[in-house]
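Welcome! Take a moment to look over the sequence and the 3D view, and then we will walk through a few spots together.

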Amino acid sequence: MKKYSSKRSIQILAHLFQQYGISDIIISPGSRNAPLAIHFAEMPGIFNAFSIVDERSAAFVGMGMAMSEKKPVAITCTSGSAAANYYPAITEAFYSNTPLLILTADRPTDYVDIFDGQTIRQNNLFHQHSYGDFQLLEDSKENAEDINFDIIKKAIELCIEKQGPVHINIPLEEPLYELVSELPTFPDVEKTIKQKEYEIPSNLVADWNTSQRIMLLVGTRDYSPELESQLTQLVKNHSVVVLSEVNSNLYHEKFFRHIDRYIFNFTEEDYKTYAPDLLITIGQNVVSKKVKQFLRNAQPKQHWHLDEVWQPDTYFALTEKIEVKPEVFFSKLLNFVSLEPKPYYNLWDVLRDKKDAKHEEFLNTVEFSDFYFFNRTSESIPENYNIHFSNSSAIRYAQLFDYGKRRIYCNRGTSGIDGSTSTAMGFAIKNTNPTLLITGDLSFFYDINGLWNQYIPPFVRIMIFNNGEGNIFKIIPGPGNANPNTLDEFITTKHHKTAEHLAKHFGFSYTKVDEEATLDRVMENFFKPDVQPKILEVNTYGKNSADVLKSYFAFMKEDLKV
């Protein structure tokens, strides 16, 4: 016999989730949130309940699921510090516009600040990094049922509209384990999510048609066949320059997809030579620090940013905040603008040809290192894989190589190393295509609990490039000024750990390689089907990977003039 929570607020919550098609619930264990856990777990035909112990990991797993499903995922935990452990993932979801519904169970409101166990100030806990903060009434309060119905409806619609995290704090009175076998009938909900309409202003059309140097820069975003088709129309006659990154998820031979290859050594004169007069930016965070430096120095006359939620003045030149989906904007724009060839495209194209030739030349000489690893893997990953990169050096190396039309993901909202593994595992759980995580050692070890769940499918693959430290701090300028002992212990944090025992503990098969011949030999078998997920650890410790990368950029910098 089914047993449901008797809490009216929980019954209403589940009803409204069902009305809006929210089906995935990440549950971390606890007593105060037991009514939610019991209620959602008892409705398997309607909800998919997942048990993840560590709240920090659970929130990132939920975020990965939301990225995969492209709809809100709910996460729920008990009261007290459990809720605070959600915060890293919530900041990431806030800046990457990933829809999470955060359900924190709480003590009754009059228990706050009287030193009752597991009680903190949970109401508005995430208000700096959420799109809405709501608190339900205890069931015993007057008109609680009607008020809570309206609050939950508003919270869900805000999460869907903003595509970001929304918090619902739920004070629950004891008894917590009072159950019922039948549920009341609640009314169907009238959905009131507003659809934005957009008409392009005539002055933007005029500005486009009079601009001779138009650049589109695409940051982090999910794949959109419609946007890809629209931008293809813009570049096919060489009308514009489209700069994209590996995690922009756009594919066309005329897009400039390896920005750092082309602009890393720009001089003040180059800033002027290659500067746009009209810059249009699309998507979220841009990985390349060099392109930010370039555009901040170039100071385009006009900068339009296209996004429904965020309008950042990243390049200190923003002139138009266009609060609409890029697909909608370009569907309007393409009806009015001229697509004549421009010399500006050819200027960039000549630069690309030279730099790409230098890149290929360097690949013929590169020794076993992190650089070698990224080049080799970019050639070996099956086309149906989704690829998740951890932050720091992993996503930066990825920018230099070509991953074809594979879908690429990375937590670039706040760009932290925490949660990369958990996010990738959440994504893999909800996606029919296999997932590969490519991660550095510190990022992997930092998020070990990302492997602590029973739902990871056997077609998951993890590649760890283990250089024995946070090698990024030997790549970027500045840390090298510190004394070597300080740099090693407190900044790069040298270590000799491997993932071998962790792999066994969490039920992964494990392979370790430390030279190129072995890497080439095991790569093919690594992607073959198996009964368990796999970890491949590539040990580049002591291979001076930072020096190899620096030598790459030095080689690319050599005089290209014929």
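Let us begin with Arg-107, which is buried, with a relative accessible area of 12%. Here, buried means under 20% relative accessible area, exposed means over 50%, and partly exposed lies in between, using a 1.4 Å probe and protein chains only. This is a predicted model, where local features need pLDDT of at least 70 and side-chain atom pairs count only at pLDDT 80 or more, while totals for chains, interfaces and linings use all residues. Residues are numbered from 1 along each chain as its sequence is written, and side-chain values use heavy atoms, leaving out hydrogens and water.

You will find Arg-107 in the loop between β5 (100–106) and β6. Helices (H or I, at least four residues) and strands (E, at least two) are DSSP runs, numbered from the N terminus. Which side chain makes a polar contact with the side chain of Arg-107? That of Ser-79 does, at 2.8 Å. A polar contact is a pair of N or O atoms within 3.5 Å; within protein, one must be able to donate a hydrogen and the other to accept it, and residues adjacent in sequence count only if both atoms are side-chain atoms. Leaving aside neighbours within four places in sequence, Arg-107 is in contact (heavy atoms within 4.5 Å) with residues including Arg-32, Asp-116 and Leu-172.

Next come some backbone features. Most residues other than glycine have a negative phi, and most peptide bonds are trans. Two asparagines have a positive phi, as the table shows.

| Residue | Phi | Loop | Relative accessible area |
|---|---|---|---|
| Asn-143 | about 60 degrees | between β6 (133–135) and α6 (144–162) | 49%, partly exposed |
| Asn-249 | about 55 degrees | between β10 (241–244) and α9 (259–263) | 0%, buried |

A cis peptide bond joins Glu-174 and Pro-175, with omega of about 10 degrees. Pro-175 sits in the loop between β7 (166–171) and β8 (179–180).

Now for a sheet. Its 6 strands form an open sheet in the order β15-β14-β16-β17-β19-β18, with parallel pairing. Each of the edge strands, β15 (408–409) and β18 (509–513), has a single partner strand, so one side of each is left without a neighbour in the sheet. Two strands pair if DSSP finds at least two bridges between them. Strands β17 (residues 461–466) and β19 (residues 534–539) run parallel and are joined by 6 bridges, with Met-463 standing opposite Leu-536 in β19.
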